[in-house]
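Colleague: I would like a close look at one part of this model, the disulfide and what surrounds it. Please take it step by step and keep to what the coordinates show.

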Amino acid sequence: VQLQASGGGLVQPGGSLRLSCAASGSIFSRYDMGWYRQTPGKERELVAVILSVGSTHYADSVKGRFTLSTDSAGNTLYLQMNSLKPEDTAVYYCNARRFGADVWGQGTLVTVSS
């Protein structure tokens with residue numbers, strides 16, 4: 001499995017961005033898929049995850065602002081980020097997990113600044 005993340009950039013506070021994560025195959029029915037983020041000096045933290053069984057979970061800090069979705073083919077994961085705050089600034093990583101094994105995409109930088 002390979003993951004290709006895209007969609008980061010510079011946005012003003014209150015703005016929106018959509019991140020995309022393209023997988024090398026239709027894997028979502030077999031993998032838990034999610035987005036993590038990391039800032040310098042801090043551990044990578046979970047932003048949102050959609051489990052292979054279908055349930056979705058969000059970090060408290062992004063609930064009501066971020067939304068996970070997938071395409072019908074089951075090979076692209078999206079993270080719609082609205083009402084962005086400066087504290088959302090981070091490198092965002094796409095993740096696929098199955099039986100405890102992780103696959104990571106390359107990070108995409110999101111900068112929220114005026």
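Modeller: What follows starts at the disulfide and works outward through the sheet, the core and the loops. Bear in mind throughout that this is a predicted model.

The structure holds 1 disulfide. Its partners are Cys-21 and Cys-94, with their sulfur atoms 1.9 Å apart. The angle about the S-S bond is -80°, and the link of Cys-21 and Cys-94 is left-handed. Cys-21 belongs to strand 3 and Cys-94 to strand 9, so the link ties together parts that lie 73 residues apart in sequence. Both Cys-21 and Cys-94 are buried.

Strand 3, on the Cys-21 side, is part of an open sheet of 4 strands, with antiparallel pairing and the order 1-3-8-7. At the edges stand strand 1 (3–6) and strand 7 (66–70); each has a single partner strand, so one side of each is left without a neighbour in the sheet. On average, neighbouring strands of this sheet are turned by 15° against each other, direction ignored. Within the sheet, strand 3 (residues 17–23) and strand 8 (residues 76–81) pair in the antiparallel sense over 6 bridges. In that pairing, Leu-17 stands opposite Met-81 of strand 8.

Met-81 leads on to the nonpolar core. The largest such core has 29 residues, and Met-81 is among those with the most contacts inside it, together with Met-33, Trp-35, Leu-77, Leu-79 and Tyr-92. At least two residues of this core come from each of strand 1, strand 3, strand 4 (32–38), strand 5 (45–50), strand 7, strand 8, strand 9 (90–98) and strand 11 (108–112). Tyr-92 shows how these parts come together: leaving aside neighbours within four places in sequence, its contacts include Leu-19, Trp-35, Val-47, Phe-66, Leu-79, Met-81 and Val-110.

On the Cys-94 side, one residue to look at is Trp-104, which lies in strand 10 (residues 101–104). Apart from neighbours within four places in sequence, Trp-104 is in contact with Cys-94, and also with Leu-3, Tyr-36, Arg-44, Tyr-93 and Asn-95. Is Trp-104 buried or exposed? Trp-104 has a relative accessible area of 34%, so it counts as partly exposed.

Between strand 9 and strand 10 there is a loop that holds Phe-99. Phe-99 has a positive phi of about 50°, although it is not a glycine. Its relative accessibility is 77%, so Phe-99 counts as exposed.

The loop between strand 8 and strand 9 holds another residue of this kind, Ser-83. The phi of Ser-83 is near 50°, a positive value in a residue other than glycine. Ser-83 is partly exposed, at 40% relative accessibility.

Ser-83 is also one of the residues in contact with Arg-65 once neighbours within four places in sequence are left aside; the others are Gln-80, Met-81, Asn-82, Leu-84, Lys-85 and Asp-88. Arg-65 itself sits in the loop between strand 6 (56–58) and strand 7. Despite being an arginine, Arg-65 counts as buried, at 10% relative accessibility. Its side chain reaches the backbone oxygen of Ser-61 at 2.8 Å. Ser-61 is 22 Å from Trp-104, C-alpha to C-alpha, and 43 residues from it in sequence.

How values were computed. Residues numbered from 1 in each chain as written. Predicted model: local features only at pLDDT ≥ 70, side-chain atom pairs only at ≥ 80, totals over all residues. Heavy atoms only, no water. Pairing = 2+ DSSP bridges. Axes fitted to C-alpha atoms, helices over the stretch in contact; angles between N-to-C directions. Core = buried A, V, L, I, M, F, W, Y, C linked by side-chain atoms within 4.5 Å. Buried < 20%, exposed > 50% of the residue type's maximum accessible area, 1.4 Å probe, protein only. Contact = heavy atoms within 4.5 Å. Disulfide = S-S within 2.5 Å. Polar contact = N/O pair within 3.5 Å; in protein donor to acceptor, adjacent residues only side chain to side chain.
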